[in-house]
Amino acid sequence: MARRDIPRPRDGGRSDPQPQRRSTLRRWLGRLFIWGAGFALLGAIALAVAVAVTMRSLPGYQELKSSQTGQMIVVRATDGSEIVTLGPSYGKWVHYERIPQVMRDAMISVEDRRYRSHWGVDPIGIIRSLMVRVESGTWRQGGSTITQQLARNIFLNNTKTFARKAREWVLALALEQKFSKDQILELYLNKVYFGGGAYGIDSAARKFFGHAGEEITLPEAAIIAGLVKAPSRYSPTADANAAVGRAGVVLQTMESNGYLTAQETQAVDLKKVKMVEDRAGQNSARYFTDWALPQLDLILPENDKPIEVWTTLDPVMQKAATSAIAGFAPKGAQGALVSLDRDGAVLAMVGGTDYVSSNYNRAVNAVRQPGSAWKLFVYLSALEAGYTPDDRVVDEPVTVDGWTPRNDGGRYAGEIDLRTAFAYSKNTVAAQLGNEVGFGQVANMARRFGITTPINTLPSMVLGSSETRVIDMVRAFASVQAKGMSVQPYGIRKVTTTDGEVLYRYRPESPQQLVPPYVAAGMTDLMQTAVNIGTGRAAQIGRPVAGKTGTTSSNKDGWFLGFSSGVTTGVWMGRDDAKAVPGLQGGAAPARAFAAFMKVATAKRPVEKFDTELKLPEWQLEPDDEAMLGNPDDYFYVDEQGNLIDPAQRRNGRRPPEEDNAPFDPESLPEGVPPNAPPAANDDFLNRATGRRENENAQGVNVARPRATPTPRPPVVTIP
């Protein structure tokens, strides 16, 4: 029987739900905690495994030191100054103990003030970064540690993804486990990017302050440390004021972190920091580096290490060359200049009026007609064939195979000497000389002296109708200055590693004798006269100069090439489209540019007089010159059979054939002459044997060897 005295719940018999809900929530919270702890444990285990695996796969410390992306090439001038740095510049490695303390403190203060207390990833730094993100709505403060930045620089890229960030954390933890704090900081300071292609504090110090990283001062350390945040914005070469302003922030941060006192901070005057001037205005040196550096593929074909290339370029001369071309080139025209030392070292090279607007190197790539400068090879051929500067020639209208050259101005001087004909660039005389010695011989002479472009053998070639390069023409003139010895232009003296190990050193090849010294002396005589009284008077610099002008038809090209005191220089001016330039002549703007440059190039060199004395070979001596060598009766000759011939028959006791039985005194023979030596050749025979031809004119002077009719020549060819 049911009891009626038991009270019933007011809700119809259901119990209170609150305790049940609390119990259920506790159960779920407990489960979540257990699951969370489990997942955290699994995550920690996974992270530990990932860090361990990553740590095992990391390269060793020495391998990380040597790792880099791309080859660094530092190009230096002859005085050791830096011309340009190509590729990433890593500078020299600065070991931890040699890194200035102020540099270490500045970098830690501004980039990772808790560096010594975290394990590679700084949770406090991450939380602080998140709070700034929430407050400002943007990522204004990063939470990356120095170790994370090192991991990103070496192994990763800068893509902003969570996956990349997770890999960065793992790598940072692995780096901290494998290397010490000092090692990580050393790696970072030697590899972090500071802008302008400079990686590491040594490269940055050299680029911005002109000295090694070991010599960094406190204000310089503040400037360098401030660059990491935004290298392009705070670069001293881009915006010096921005760099100084950012450095002030770094100093304040160092003070707040206890690395500096207030007095030390106030004592720093950032405006007194001496920075390296921007080299952007010295862009013309790139013409030289564009020509010289490709030679490294032949010099060091297998090298991929950072190297320093020590060149022949003289900074003072390069600046003078740049000014000369920019200052004297006619409006709308371009210009080029090459200057060689006596051994072939390229002292200066300019390939245009401005490298930024046009990097086409006209000094080594452009081929242009040299005009009368080509007469160098015509007169060299004539001197080698037997002419002397004093020989008489006739400046008169001539026609060679239907071609009739004319002189500038249409005037003819009549009978003059060879020296005057060259000095005043007489085209008719050059045509006669080329016709006499042979146009093929002139082409061969040009090829002998280093002309590498095709050469035609038409009669007009004597006036420079074949195109050539500036550097080849300068090489030819340098060989004349070298007394007929070959000269090979070169631009690299040596190549070293950044530690000073020599990988390559220039060793000149043995020079070749291109023409006898007396031919080079005669050519120098002619060119010196051209500068003293002829078409090259504007090239005078107050010391002996030998040179030659060149002007093409319609003033399309203007040249001057010459040498003085061991320096040979060539200047070309004209338009790239080969249009006429009003007033452009070799004796005007090019000669003036030559003089402006050479005054600087030779300023510290002793004055040198030219050796123009003609020490002719015996076969070319005149009878009066022969008499100076001694008594003609004392000459002895060897016939075709190798027998000694004595020309002094009667004086020496030799008998003519009709007196074969007459006695003679053997004691009267010169010492060493056998009593039975065969008779000597007469003068007519000797003249024919030596090729000597003496033509006396009405006044008794030597005249050029004219030809009554042109000698038949082979078909015109082009010498490739």
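Leaving aside its neighbours within four places in sequence, which residues is E501 in contact with? In this predicted model, the residues that E501 touches are V495 and T496. E501 itself sits in the loop between β11 and β12. With a relative accessible area of 48%, E501 is partly exposed. E501 also lies 9.8 Å from E308, C-alpha to C-alpha, although 193 residues separate the two in sequence.

Some overall figures help to place these details. The secondary structure of the chain comes to 24 helices and 18 strands. The chain has 720 residues, of which 46% count as buried. Among contacts between residues at least 6 apart in sequence, 69% join residues at least 24 apart. The average pLDDT of the chain is 81, and 77% of the residues score at least 70. Over residues 624-640 the pLDDT is below 50, and this stretch has 32 contacts in the model beyond near neighbours in sequence. Residues 677-681 also have a pLDDT below 50, with 18 contacts beyond near neighbours in sequence.

The loop that holds E501 joins two strands of a sheet, β11 and β12. Five strands make up this open sheet, in the order β2-β1-β5-β11-β12, and their pairing is mixed. β2 (82-86) and β12 (502-505) stand at the edges; each has a single partner strand, so one side of each is left without a neighbour in the sheet. On average, neighbouring strands of this sheet are turned by 15° against each other, direction ignored. Within the sheet, β1 (residues 73-76) pairs with β5 (residues 307-311) in the parallel sense, over four bridges. R76 has W310 of β5 as its bridge partner. Helix α13 (residues 285-292) packs on the sheet and touches β1, β2, β5 and β11 (492-497). The direction of α13 makes about 55° with that of β2.

A further set of paired strands is built around β6 (residues 334-340). Seven of the seven residues of β6 are buried, so this strand is largely enclosed by the rest of the structure. In a regular strand the side chains alternate between the two faces of the sheet. In β6 both faces are covered: Q334, A336, V338 and L340 are buried on one side, and G335, L337 and S339 on the other. β6 runs antiparallel to β15 (residues 567-574), and seven bridges join these strands. S339 stands opposite T569 in β15. β6 is also joined to β7 (residues 346-350), again antiparallel, by four bridges. V338 has M349 of β7 as its bridge partner. The hairpin of β6 and β7 has five residues between the strands, and G344 there takes a positive phi near 100°.

The helices show burial too. In α5 (residues 146-155), seven of the 10 residues are buried, so the helix is largely enclosed by the rest of the structure. The buried residues are I146, T147, Q148, Q149, L150, A151 and R152. Helix α8 (residues 201-209) has seven buried residues out of nine, so it is also largely enclosed by the rest of the structure. I201, D202, S203, A204, A205, F208 and F209 are the buried residues of α8. They pack against α3 (101-111), α7 (181-191), β3 (193-195), β4 (198-199) and α9 (218-225). After α8 comes G210, whose phi is positive, near 80°.

One of the packing partners of α8, helix α3, also packs with helix α11 (residues 240-256). How are α3 and α11 placed relative to each other? Their axes are 9 Å apart and meet at an angle of about 90°, so α3 and α11 are roughly perpendicular to each other. From α3 the contact takes V102, D105, A106, S109 and V110, and from α11 it takes R246, V250, T253 and M254. By class, the contact of α3 with α11 has five nonpolar, two polar and two charged residues.

A last residue to look at is T265, found in helix α12 (residues 262-267). Is T265 buried or exposed? T265 has a relative accessible area of 7% and is buried. Apart from its neighbours within four places in sequence, T265 is in contact with L251, Q252, E255 and L260.

Key: Residues numbered from 1 in each chain as written. Heavy atoms only, no water. Pairing = 2+ DSSP bridges. Axes fitted to C-alpha atoms, helices over the stretch in contact; angles between N-to-C directions. Contact = heavy atoms within 4.5 Å. Buried < 20%, exposed > 50% of the residue type's maximum accessible area, 1.4 Å probe, protein only. pLDDT = per-residue confidence, 0-100. Parallel < 35°, antiparallel > 145°, perpendicular 65-115°, else oblique. Nonpolar A, V, L, I, M, F, W, Y, C, P; charged D, E, K, R; others polar.
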